[in-house]
Amino acid sequence: MAKFCERCGAPLRESDRFCPSCGQPVPTGQSGQDSWRQPQENTSQQSSWSRPQSGWNQPGSSWSQNSGGQDPWNHPQNSQGRDPWDRPQTPPQAGNSPQSGQPSMAWFKFIIWVQLFLSALTNLASGITIVTGAQYGDYADRVYYVFALLKPLDMVYGLLCIVMGAAALYIRFQLSGFKRRAPALYLGYIAVSIIVPLLYIILASVIIGGFAGDSSTIASLITSVVLLIINQVYFKKRQHLFVN
């Protein structure tokens, strides 16, 4: 009776220890029932890299006579009894990629490492300048002499700028710590950054009898409004991250 490989069905010679077609080891010392068994038909559900499923623990076979039904081919196994050649599929890790579903935090990093630090420095510098009247240069005394109400207005506005600079640093550390109220504080900070300069321009214009703003101030206010809208949408999608 001819002898066939139990994996691929290729004919074998008596002296073959491995299948010349697929390299499958030929078990030795088997009874005639196991050694001369006809090859099983290879179905589409059986991978060419998987071990044969038939005859593993059949009564009377040499495979079942090993201690504990171990694999006579001595395939290494891990502590869970799995063949290390059967590699499990690694689940995708959560990250910043769109495939993982985790929202990107690049803009958040820009806010806490660049924008809020620059905003704090700008507000502190502007506050000191306005409080001291340095924005008028050598004409500060004349300006305040002509427009007496402008000096107390500048003092209040300058102090508010200093407070806003300190608030920017505080909110920055609240955001970096993922505090629950941090997004609301940041959005409120942007809103105050719009309201305070706008009120100053209105009151200063009334005092001097003309428009007290300039193109850069208007551009800054428009930018702040756009940032407020963008950040409101941005942090609404990431509110679940701020749980501390």
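**Questions about a predicted chain**

Colleague: Is Pro25 buried, partly exposed or exposed?
Modeller: This is a predicted model, so the answer is a computed one. Buried would call for a relative accessible area under 20%, and exposed for one over 50%. Pro25 has a relative accessible area of 27%, which makes this residue partly exposed.

Colleague: Where is the place of Pro25 in the chain?
Modeller: Through space, the C-alpha atom of Pro25 is 9.6 Å from that of Arg7, a residue 18 positions away along the chain. As for the elements on either side, strand 2 covers 11-12 and helix 1 covers 32-35. Pro25 belongs to the loop between strand 2 and helix 1.

Colleague: Ser15 lies in a loop too; does Ser15 count as buried or exposed?
Modeller: Ser15 is in the loop between strand 2 and helix 1. The C-alpha atom of Ser15 is 9.8 Å from that of Val26, with 11 residues of separation along the chain. The relative accessibility of Ser15 is 60%, and the cut-off is over 50%, so Ser15 counts as exposed.

Colleague: Let's step back: in what order do the elements of the chain run from the N terminus on?
Modeller: The chain has 7 helices and 2 strands. Starting at the N terminus, the order is β-β-α-α-α-α-α-α-α.

Colleague: What percentage of the residues of the chain count as buried?
Modeller: To count as buried, a residue needs a relative accessible area under 20%. Among the 244 residues of the chain, the share that passes is 32%.

Colleague: How far apart are the end C-alpha atoms of helix 5?
Modeller: Helix 5 takes in residues 150-176, which is 27 residues. At 1.5 Å a residue the helix should span 39 Å, and the model agrees, because the end C-alpha atoms are separated by 39 Å.

Colleague: Which residues is Leu153 in contact with, leaving aside its neighbours within four places in sequence?
Modeller: Leu153 lies in helix 5 and is buried, at a relative accessible area of 14%. Its C-alpha atom is 9.6 Å from that of Ile207, a residue 54 positions away along the chain. Once neighbours within four places are set aside, the contacts of Leu153 are Tyr200, Leu203, Ala204 and Ile207.

Colleague: What phi does Phe178 take just after helix 5?
Modeller: Most residues other than glycine have a negative phi. Phe178 sits in the loop between helix 5 and helix 6 and is partly exposed, with a relative accessible area of 25%. Although Phe178 is not a glycine, its phi is positive, at about 55°.

Colleague: Which residues of the largest nonpolar core touch the most other members?
Modeller: In soluble globular proteins, nonpolar side chains tend to be buried together. The largest nonpolar core here has 31 residues, and those that touch the most other members are Phe108, Leu116, Leu150, Leu175, Tyr186 and Phe235.

Colleague: And which element gives the largest share of this core?
Modeller: Two or more residues come from each of helix 3, helix 4, helix 5, helix 6 and helix 7. The largest share is 9 residues, and the element that gives it is helix 6.

Colleague: Phe235 interests me: which residues is Phe235 in contact with, leaving aside its neighbours within four places in sequence?
Modeller: Phe235 is one of the core residues that touch the most other members. Away from its neighbours in sequence, Phe235 is in contact with Phe108, Ile111, Leu175, Pro183, Tyr186 and Phe242.

Colleague: Which cysteine sulfur is closest to that of Cys5?
Modeller: Cys5 is buried, with a relative accessible area of 2%. A disulfide needs sulfur atoms within 2.5 Å. The closest cysteine sulfur is 3.7 Å away, too far for a bond, and belongs to Cys19.

Colleague: How many disulfides does the structure hold, then?
Modeller: Cys8 is in no disulfide, as its nearest cysteine sulfur, in Cys19, is 3.6 Å away. Cys8 is also partly exposed, with a relative accessible area of 37%. For the whole structure, the number of disulfides is 0.

Colleague: Finally, which helix gives the most to the lining of the largest pocket?
Modeller: The largest pocket has a volume of about 960 Å³. Of its 35 lining residues, the closest to the centre are Asn123, Ser126, Tyr157, Pro197 and Ser220. At least two lining residues come from each of helix 3, helix 5, helix 6 and helix 7. With 10 residues, the one that gives the most is helix 3.

How values were computed: Residues numbered from 1 in each chain as written. Predicted model: local features only at pLDDT ≥ 70, side-chain atom pairs only at ≥ 80, totals over all residues. Heavy atoms only, no water. Helix = DSSP H or I, 4+ residues; strand = E, 2+ residues; numbered from the N terminus. Expected span 1.5 Å × (residues − 1). Buried < 20%, exposed > 50% of the residue type's maximum accessible area, 1.4 Å probe, protein only. Core = buried A, V, L, I, M, F, W, Y, C linked by side-chain atoms within 4.5 Å. Contact = heavy atoms within 4.5 Å. 1 Å grid on protein atoms, 1.4 Å probe; cavity = no way out; pocket = protein on both sides within 12 Å on 5 of 7 lines; lining within 4 Å. Points joined across faces, edges and corners; volume = space filled by probe spheres on them.
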